[in-house]
Each structure stands twice: as structure tokens, then as C-alpha cells.
Amino acid sequence: AGGSSSSTSRAVESRSQPEVAVVPFQGLCELSADLLELVNQLLGALPAPDRACAAAESAGAHQAAAPAVVPQPSLLQIMMPGYFDGSAMMKLMVAECAGFSLSLLAGSSHLMPTTCSLYLLGAAWPPAIAAGAAWRLVAPVFLHVGLPHLVSNLIFQGRFGYIVERQLGSLRLSALYLLSGAFGNLTSAAMDPWKLAVGASTSGLGLVGARLVLALQHPDFHTPEHRRSLLYMAILLGAVFLASPATDFWGHLGGLVGGACLMILMSPRGPCDGGDDSS
């Protein structure tokens, strides 16, 4: 009996030992699962980060760090200082191109209008002007003897005209342009009464005179380098237009003086702030 009792107790003990080892392991697993579930609940209760704001802040920081992009001037702005869209100066230049095209249609040879076509369209002919054809003082501004003549005048007046227009406005710029051309053609007709003359260079020299007056009226607006370069360019281009034997000396001189006088009369008395482009 004693032997059976001891064997029974060993059997019970042998069966109970694995249960003691398994129970703590299962308890740890259950406790770990509960902790994981609790952590997931806590994380789910927290607010989600605002990714849009974070992306915007990152983009703003990147943009602030990037260097500022300086807009590059267009080709027209380089060739014609002060150029702006919708200017009267550009419309006058387009009208000159149209006049040249019309003169070619009226009669031409090798892209050069004939003398008869130029006279028909309004070339400055002093006997006709003396007979009362005053419109021939303005019409020659829109006529040219050839394509190089046209292109050189367009570039020349484009270098000076837009700054004058910003100061005077479109209407006064147009009046100065046409009146200085008419005064130049009148001077040419008076000094050389047997010359047939065409070309916009009389008006172009009027713009040069206007720019010179503008620089003298508002010295603070122009830097010394600007005034010096303007003076050199005016002297150089003026010498070419005035001294060349193939050009109309008296017409160009009259246009230069006429443009300067008109600028004195038309220029606002206030500071040089760009003027009103529509007046």
C-alpha cells in the first residue's frame, strides 16, 4: 500500500509539473496580446499628422532657399529701350512698313519703289508743296527708297522713341513725331527746292532732339553713364545722318531742331515719372 501510495503521488506529481510550466507561458501571451491591443487603441486615439501642411511647409522652405529668378528682357526691349506693348511708336513703325509695301505695289524694281510711285504716294516735292499740297510734308515719313533705308530708320527711331513716349504719352508722342517730320520736310523744301525727298529720318532726328531735351530737363532721372551714352549715340548717329552726302542735311537738321522745340512745349513740368501712355 505504501508502495502504491508513493507511486501514485509520483504519478500525480509528474502530471502536475507540466501544467505548472504551461500556465505562466499562456498568461504571458495573453498579457502581451492585451498590451498590444491597448497600444493600438492609444495610437488610434491620437490625431493623424497634417501631411498637406507638412508638404506646404517643406515646399515653402525649399522656395525660400531657392534664388530669385530675374526676368530676362526680350529682344525688342534690348534693341528698343523702353519698349512696351500697344505703344504708338510701334503703330507708327507698322504704318511705315505698310507705306513701303504700298509703294512697291504702285511700282518697283528690285525691291525699290520707282520715282513715279513715290511721287504719286506723296513724296516731298517743293513745287507741289508751294502750290498748296501741304499733305506732302507728312506723307514722306511713311515712304522709303528701299528696304535698307526702311530698316535703318525703324531701328534708329526705335532706340529713342519709346522713352519719349513714356514721358509724353501716346498722343503727344504721335504729334511730336509727325510735326517734327513735317518741319524737317518744310526746311528741306525751303533750302533745296528741287529735291524729291522721302524717309522717316526727319522724324527720327526729331526723337533725338526730344531725348536730348528730356535729359537736360530731368538730369536726376538719368544716371551720368546713361547721359554720357545717350550723348555719344546722338553725336554718332547725328553725324551719320547729317553729314552723309546721300542724306537730306537740311531735312534732318530741321527735324532735330523741330523735335527739340516741340519737346520743350509738350514735356510735363513735373518729375520724369513715365508719363501717361494714353494721353
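This passage describes the secondary structure, helix crossings, aromatic contacts and selected loop residues of a predicted model.

The model is a prediction in which local features need pLDDT of at least 70 and side-chain atom pairs count only at pLDDT 80 or more, whereas totals for chains, interfaces and linings use all residues. Residues are numbered from 1 along each chain as its sequence is written, and side-chain values use heavy atoms, with hydrogens and water left out.

The protein chain contains 11 helices and 0 strands, where helices (H or I, at least four residues) and strands (E, at least two) are DSSP runs numbered from the N terminus. Along the sequence the pattern reads α-α-α-α-α-α-α-α-α-α-α. Of the 279 residues in the protein chain, 35% are buried; buried denotes under 20% relative accessible area, exposed over 50%, and partly exposed the range in between (1.4 Å probe, protein chains only).

Helix 9 (residues 201-217) takes part in two of the crossings described here, one with helix 11 and one with helix 8. Axes are lines fitted to C-alpha atoms, for helices over the stretch in contact, and angles run from 0 to 180 degrees between N-to-C directions. The axes of helix 9 and helix 11 (residues 249-266) come within 6 Å and cross at roughly 40 degrees. Helix 9 is therefore oblique to helix 11, since angles under 35 degrees count as roughly parallel, over 145 as roughly antiparallel, 65 to 115 as roughly perpendicular and the rest as oblique. This crossing of helix 9 and helix 11 is right-handed; a crossing is right-handed if the near helix is turned clockwise from the far one by less than a right angle, and left-handed if anticlockwise. For helix 8 (residues 170-191) and helix 9, the axes come within 7 Å and cross at roughly 120 degrees. Helix 8 is thus oblique to helix 9, and their crossing is right-handed.

The model has 5 aromatic pairs, defined as rings of Phe, Tyr and Trp (its six-membered ring) with centres within 6.5 Å; planes under 30 degrees apart count as stacked, over 60 as edge-to-face and the rest as tilted. One of them is the edge-to-face pair of Phe84 and Tyr162, at 6.4 Å centre to centre with 80 degrees between the planes. This pair links distant parts of the chain, 78 residues apart: Phe84 lies in the loop between helix 3 (75-79) and helix 4 (88-106), and Tyr162 in helix 7 (residues 147-168). Phe84 is buried at 14% relative accessibility, and Tyr162 is buried at 0%. Together with Tyr83, Phe84 and Tyr162 form one aromatic cluster.

Ser87 is also located in the loop between helix 3 and helix 4 and is buried, with a relative accessible area of 1%. Ser87 and Gly161 are 74 residues apart in sequence, with a C-alpha to C-alpha distance of 9.9 Å. Elsewhere, Arg136 lies over the face of Tyr119, at 4.2 Å from the ring centre; the criterion is NZ of Lys or CZ of Arg within 6 Å of the ring centre and within 35 degrees of the ring normal.

In the loop between helix 4 and helix 5 (115-121), His110 has a positive phi near 55 degrees and is exposed at 76% relative accessible area. Leu111, in the loop between helix 4 and helix 5, has a positive phi of about 60 degrees although it is not a glycine. Leu111 is exposed at 53% relative accessibility.

The structure holds 0 disulfides (pairs of cysteine sulfur atoms within 2.5 Å). Cys97 is partly exposed at 31%, and Cys261 is partly exposed at 43% relative accessibility.
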